[in-house]
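Here are some exercises to work through with the sequence and the 3D view open. Try each task yourself before you read its solution.

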Amino acid sequence: MPAPLQAPNSVAGRTLRGQPKVLCIQHPRNYTWHPAFDLIVARASPTHTGTRRAGSSVDACDLVLSSGFLAFAGHAGFLQAVEELGLPVGGVMGTSAGALAGSLFCAGYTPRQVAKHLSDQTPASLLRPSLAPWRGGALSLDQVINRLKDLLPPTFEDLHREFAVGVVTSDGQHLLIDSGPLPEAVAASAAIPFVFQAVDVPGHVSRHGPFKDGGVVDRVGLKAWRDRRRAQIKSGKGPSSVARPPPPCLVHVIDRSSPFSGFDDTNAMGESSIMVIKSPRSGANFFDLGSFEEHMDAARNRARPLLAAFARRNYNGSRHSSSGGSGGGPGSSNGLIVEEATSVATASSEAVVRARII
C-alpha cells in the first residue's frame, strides 16, 4: 500500500508540517451491527481504505470549489458534469460549502450521493444553540461534526483523493489544512463568524485555532492550492517529480452572498491553465434548501459544455472508454469521455459570459 502524501501547510509565510497519521477504519459509533447492514452499506457508502486513488496522476486535473452560502446543489451539479465527462481528478480544494461537497466527493461518494447527503436534512435540524457564544457565534456545529464523522473517514490521509480546506486562524490568517482530523476541519471551513462558534481542529494545527470559515478571507482558495501544488512539485512529492507547472484546474465559483465575504477575483490571482465557471448563489436558508434538484441540474447544464471544451483543449480531444462505471465512485475508471459535437457557443449565454479559459 503506498504511503499517503504528506504535504506542507502554509500560513502567513510559515510552514506547518503534519506528523504522519496511523491509518485506520473507523467502525460506526454506538451502533448495534447486523450482518444485513453490510449489503446496505456496500450499496450506499464508499469504502474508506486509506489508499489514495490513482487519480493523482500527471494528466489529472484539480477541482477548486468556492464558498457560497448553502450552495450544495450548485457544487453537486458541477461535480456531476465532471463525472459524466469522466474527467480525471487528482485533487480537490474546498471552502465552506465547497469543503462539505468536496470532502464527500473525495471520500468516494458520487455527485448524486453528495447531493443526497447534503439535502436529506435541513441545516436547521443539525444546529444547536452555542454553549460558548463568546467563541464567535450563536450556534454550535457539534451536530454537524457528528454527522460528518458518520459520513467521512477520520483523517485527510484516508481519502480517495488529495483534499484540502480553507479556514481562517484565530489571528485572522488564511490557512490551508490538508492533513489530520477531517470532519472537524471541514466543519471549521464552514463556521461563518457571528453565526457559528469557531471550531477546534485537533492535531498539529490546533495551536492556530479555533478556526472560522475560510471564505471570510479567501472565498476560492485557488492561490493557496496552487502554491501547495508548486511546493509538491519542487520537493518531488507531487503528481510528477519532473519540474512542470501545476496540473490544470477547474474552478467553480458561487456568487457571493455578502459584500463582506473574502477575496474572490480569480483574474487577479495570476494563475494559468485554469477554467473558471461561475454559478448564481443558492437562495437557500437554514430551514429550506429550495428547489435542490432544479439548482443541481442547472449547474450541471451550465458546466457541461464548458468542461467538454476544457477536455478537448487539455486532453487533445482523445476519447477513452470507461469500464468501471461512473467516474466519481470508488473502484471506477477515470476514463475521459469528451462530447463530440459542441463548442462553448452551445452553452447558455450566462455560462459563456461567466467562464474563461486561461
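## Exercise 1: Salt bridges of helix H7

Aspartate 62 has 0% relative accessibility and therefore counts as buried (buried means under 20% relative accessible area, exposed over 50%, partly exposed in between, with a 1.4 Å probe and protein chains only). Before we go on, note that this is a predicted model, in which local features need pLDDT of at least 70 and side-chain atom pairs count only at pLDDT 80 or more, while totals for chains, interfaces and linings use all residues. Residues are numbered from 1 along each chain as its sequence is written, and side-chain values use heavy atoms, with hydrogens and water left out.

**Task.** Find out which residue forms a salt bridge with aspartate 62, and then look for further salt bridges of helix H7.

**Solution.**

Step 1. Recall the idea: side chains of opposite charge can pair when their charged atoms come close. The cut-off for a salt bridge is a side-chain nitrogen of Lys or Arg within 4 Å of a carboxyl oxygen of Asp or Glu.

Step 2. The partner of aspartate 62 is arginine 229, with the closest N and O atoms 2.8 Å apart. Arginine 229 belongs to helix H7 (residues 222-235) and aspartate 62 to strand S3 (residues 61-65), so this pair ties together parts 167 residues apart in sequence. (Helices, H or I with at least four residues, and strands, E with at least two, are DSSP runs numbered from the N terminus.) Arginine 229 is also buried, at 0% relative accessibility.

Step 3. Next, arginine 228 and glutamate 162 meet in a salt bridge of 3.0 Å, N to O. Because glutamate 162 lies in strand S7 (residues 162-168) and arginine 228 in helix H7, parts 66 residues apart in sequence are tied together. Both ends are buried: glutamate 162 has a relative accessible area of 3%, and arginine 228 has 5%.

Step 4. A further salt bridge links glutamate 271 with arginine 226 at 2.9 Å, N to O. Glutamate 271 sits in the loop between strand S11 (249-254) and strand S12 (274-279), and arginine 226 in helix H7, so parts 45 residues apart in sequence are tied together. Glutamate 271 and arginine 226 are both buried. Through shared partners, salt bridges join Asp62, Glu162, Asp178, Arg228 and Arg229 into one network.

## Exercise 2: The surroundings of strand S7

**Task.** Which residues point each way from S7, and which strand pairs with S7 in the parallel sense?

**Solution.**

Step 1. In a regular strand the side chains alternate between the two faces of the sheet. From S7, Glu162, Ala164, Gly166 and Val168 point one way, while Phe163, Val165 and Val167 point the other way.

Step 2. Seven of the seven residues of S7 are buried, so the strand is largely enclosed by the rest of the structure.

Step 3. Strand S4 (residues 89-94) runs parallel to S7, joined by four bridges (two strands pair if DSSP finds at least two bridges between them). Here glycine 91 stands opposite glutamate 162.

Step 4. Strand S8 (residues 174-177) pairs with S7 in the antiparallel sense over four bridges, with leucine 176 opposite glycine 166. S7 and S8 form a hairpin with five residues between them, and glycine 172 in the turn has a positive phi of about 85°.

Step 5. S10 is joined to S7 by two bridges and runs antiparallel to it. Lysine 212 in S10 is the bridge partner of valine 168.
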